[in-house]
Amino acid sequence: MGAALALASRGIGQTTPNPSVGCVIVRDGRVVGRGHTQPGGRPHAEAMALEQAGEAARGACAHVTLEPCAHNSVRGPACADSLIAAGVARVVVAAADLDPRTNGKGIARLAAAGIAVTSGVRTAEAEAGLAGFLTRLRHGRPHITLKLAVSLDGAIAMADGRSRWLTSPRARAATHLLRSRCDLIVVGRGTWDADAPTLDVRLPTLEPRSPRVGVVGRAGGLPAHVAHFADLAAVAADPALHVLVEGGMGLAASLLAADLVDTLVLHRAPILIGAGRTLGDIGLNDLAHAHGRWAAAPAFMLGPDGIERFTRIR
């Protein structure tokens, strides 16, 4: 399952409207097929792994990070049916598919065909990689990640608004990696006008994974390739699975006030600014309401900067 999870991570941000899934097929202790969801959502991971395995899939065990789909579409057959037709003997599943077209039906179909099914293996890890897909099903909107570069005293810019550069080149490279795992990156109109950011991925070999670019606010004067969003509701209505928001202060505060941030990523630089700019009002009217909202992942260092990640507890 660890190998399947690693395969699934390759497609995050590239498979919309489908989730990024990994599949590893093992027979007699040897891997005979590997697959992960391809760009645009097809082929599915199981289809790719089964094609690679061929006849070796018969009697084998398939490890999949998401319950095999149970519905046919014009883009391909149901993966549960493909696994049955291939003659696999066992399927190990990490996470349940909450899509009502499959939810439980994929596992039930496999079991009805006499295939042994084990579910719930490394579920938390699988669901972390499926965050965009699951947020879409649970809340009807994309999974929104807010990334902020901050000083030790919580400032995100100098008093005059300058913020280049709070963090080191290594931390900025991590931002490009984060961009490559999203299918839409959004900034506020103020940030767009002040910084003219390219918002692309500038890491060797990952340049093709640059996400779509969007701006929230005034529409006039935007380049043709930049999507315009009038407000947060328009962002939430976008068909993307993974949205990354990098600025500015007003947009970040509005997202937090509207409780639309699912993941918060802080790049904390070892500097003090003093009279700098902070987020401002995020709608908090009682300190008690600030507690119990965020679960922290283990922090780590990239060069001089601390990288902190928090998940909204819902």
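**Reading pockets, a cavity and a helix pair**

Biologist: The largest pocket has a volume of about 1,100 Å³; how is such empty space shown?

Modeller: Rolling a probe the size of a water molecule over the atoms shows where empty space is left. On a 1 Å grid over the protein atoms alone, a pocket is an open set of points with protein on both sides within 12 Å along at least five of seven lines, a cavity is a set where a 1.4 Å probe fits but cannot get out, and lining residues have an atom within 4 Å of a point. Points are joined across faces, edges and corners, and the volume is the space filled by probe spheres set on them. This is a predicted model, in which local features need pLDDT of at least 70 and side-chain atom pairs pLDDT 80 or more, while totals for chains, interfaces and linings use all residues. Residues are numbered from 1 along each chain as its sequence is written, and side-chain values use heavy atoms, without hydrogens and water.

Biologist: Which residues are closest to the centre of the largest pocket, and which element gives the largest share of its lining?

Modeller: Of its 40 lining residues, A128, G129, A131, T263 and R309 are closest to the centre. The largest share, 6 residues, comes from α5, while α1 (2–9), α6 (131–139) and β14 (305–312) are among the other elements that each supply at least two; helices (H or I, at least four residues) and strands (E, at least two) are DSSP runs numbered from the N terminus. The lining of this pocket divides into 19 nonpolar, 12 polar and 9 charged residues, where Ala, Val, Leu, Ile, Met, Phe, Trp, Tyr, Cys and Pro count as nonpolar, Asp, Glu, Lys and Arg as charged, and the others, Gly among them, as polar.

Biologist: What lines the second largest pocket, and how many cavities are there?

Modeller: The second largest pocket, of about 810 Å³, is lined by 30 residues, with S163, W165, T191, D195 and E246 nearest its centre; β6, α7, α8 (189–195) and β10 (242–247) each supply at least two of them. Its lining holds 12 nonpolar, 10 polar and 8 charged residues. There is 1 cavity of 30 Å³ or more; the largest cavity holds about 50 Å³ of space, and its lining, which includes I12, N18, F133 and H242, has 5 nonpolar, 6 polar and no charged residues.

Biologist: How are two packed helices described?

Modeller: They are described by the angle between their axes and the distance between the axes. Here the axes of α3 (residues 79–86) and α4 (residues 105–112) come within 9 Å and cross at roughly 20°.

Key: Axes are lines fitted to C-alpha atoms, for helices over the stretch in contact, and angles run from 0 to 180 degrees between N-to-C directions.
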